[in-house]
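Welcome! Have a look at the model below, and then let us walk through a few of its features together.

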2 protein chains.
Amino acid sequence: MSAASDKIYRCPLELSIDLIGGKWKCVILWHLRKAPLRFSQLKRRLPGVTQKMLTQQLRDLEDNGLIYREVYPVVPPKVEYSLTEVGKTFVPVLRSMYKWGRSYSDKFEVEIDTTLQETIIKEELLQNH
Amino acid sequence: MSAASDKIYRCPLELSIDLIGGKWKCVILWHLRKAPLRFSQLKRRLPGVTQKMLTQQLRDLEDNGLIYREVYPVVPPKVEYSLTEVGKTFVPVLRSMYKWGRSYSDKFEVEIDTTLQETIIKEELLQNH
DNA sequence: TCACTAAGTACCCTTTAGGATACTGTTATT
DNA sequence: AATAACAGTATCCTAAAGGGTACTTAGTGA
């Protein structure tokens, strides 16, 4: 996806969906809503994502000003991703999408399995004491 | 897109984005938020959509229980699309996405041209007195 | 000396999304 | 007799999204 500023849209919704659509972007932003995360932490939190896809999606979000990428020049490399101010303004929208998705899944009995993600996050919290 | 109830998701956001992602779905729901519209009215309101794409997107939304399709057995045919109860619960989410898109476009000077749509809607209002 | 880590690239491939064009059937209008 | 309106299908095609595997780099610990 090229940067949004190069295009013409016919509705603000078209713009929003272009910025955060696709399989991974919303979930990435969701995981960053509370604190910055490194590449590897994000990767573990998104079961099934490949390195290539994660890199690509992070670049898109960065190009459109939603996240910030900070490189620490150490070995092995450390790169931290966090929400920009604009990115933070999207969190309330994410929250409403999240709630709506949950209520939809209740109503229509769509399966949502978050156990793996939760296990990963708990393990990381333990490692940091 | 197959129906959401056949899949397994790892996050409610993944479900939401699967239901309303893509180029047209949100905009269709947006135009239906106040009143039902017929196929041809929707088509005129979505500049650039082809018949095939519009049909396809409407079927997806119908299969997932977001819109309702009512066929009037008259000639020429008349088919009206409206939001279901579940579809209506998505309108507040749409509203927040709409607002966020507009504020983003203000900040980053992304071009949004709604003049054509507005013209079409005004013309139709005039025709109905 | 070897293996391991983090954060990626490079290259290739498959699947899905999206789009162009032509066609259908019935009736009213020109 | 030809054309337009409406709500689509059918067929074919291109572009974009998404994914798999292998490779890189510099230092650290076994």
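Before we start, one cut-off is useful: a residue counts as buried when its relative accessible area is under 20%, with a 1.4 Å probe and protein chains only. Please also keep in mind that this is a predicted model.

## Cysteines

Let us apply that cut-off right away. B:Cys26 has a relative accessibility of 2%, so B:Cys26 counts as buried. A:Cys26 is buried too, and its relative accessible area is 2%.

How many disulfides does a search of the whole structure find? The result is 0 over all chains. A:Cys26 takes part in no disulfide, and its nearest cysteine sulfur belongs to B:Cys11, 8.8 Å away. For B:Cys26, which is also in no disulfide, the nearest cysteine sulfur is that of A:Cys11, at 8.8 Å. A disulfide needs two cysteine sulfur atoms within 2.5 Å, so the 8.8 Å between the sulfur of A:Cys26 and that of B:Cys11 does not qualify.

## A covered helix in chain A

Next comes helix H1 of chain A, which spans residues 12-20. This helix is mostly covered, with 8 of its 9 residues buried. Which residues of H1(A) are buried? They are A:Pro12, A:Leu13, A:Glu14, A:Leu15, A:Ser16, A:Ile17, A:Leu19 and A:Ile20.

If you like to check backbone torsions, turn to A:Gly22, which follows H1(A). The phi of A:Gly22 is positive, near 95°.

## The surface near DNA strand C

Now for the nucleic acid. There are 23 residues around DNA strand C, and those that come nearest are A:Gln51, A:Arg69, A:Tyr81, B:Lys23 and B:Lys52. Sorted by class, the surface near this strand holds 10 nonpolar, 6 polar and 7 charged residues. On the DNA side, 62% of the strand C atoms within 4 Å of the protein are part of sugar or phosphate, while the rest belong to bases.

Several polar atoms of chain A can be paired with phosphate oxygens of DNA strand C. A backbone N or O atom of A:Ser40 is 2.8 Å from one, a polar backbone atom of A:Val79 is 3.0 Å from one, and a polar side-chain atom of A:Arg59 is 3.2 Å from one. Which elements give two or more residues to this surface? In chain A they are helix H3 (39-45), helix H4 (51-63) and strand S4 (78-83), and in chain B helix H4 (51-63). H4(A) gives the most, with 4 residues.

Key. Residues are numbered from 1 along each chain as its sequence is written. Chains are lettered from A and ligands numbered from 1 in the order in which they are written. This is a predicted model: local features need pLDDT of at least 70, side-chain atom pairs count only at pLDDT 80 or more; totals for chains, interfaces and linings use all residues. Side-chain values use heavy atoms; hydrogens and water are left out. A residue is near a molecule or strand if one of its heavy atoms lies within 4 Å of it. A polar contact is a pair of N or O atoms within 3.5 Å; within protein, one must be able to donate a hydrogen and the other to accept it, and residues adjacent in sequence count only if both atoms are side-chain atoms. Ala, Val, Leu, Ile, Met, Phe, Trp, Tyr, Cys and Pro count as nonpolar, Asp, Glu, Lys and Arg as charged, and the others, Gly among them, as polar. Buried means under 20% relative accessible area, exposed over 50%, partly exposed in between (1.4 Å probe, protein chains only).
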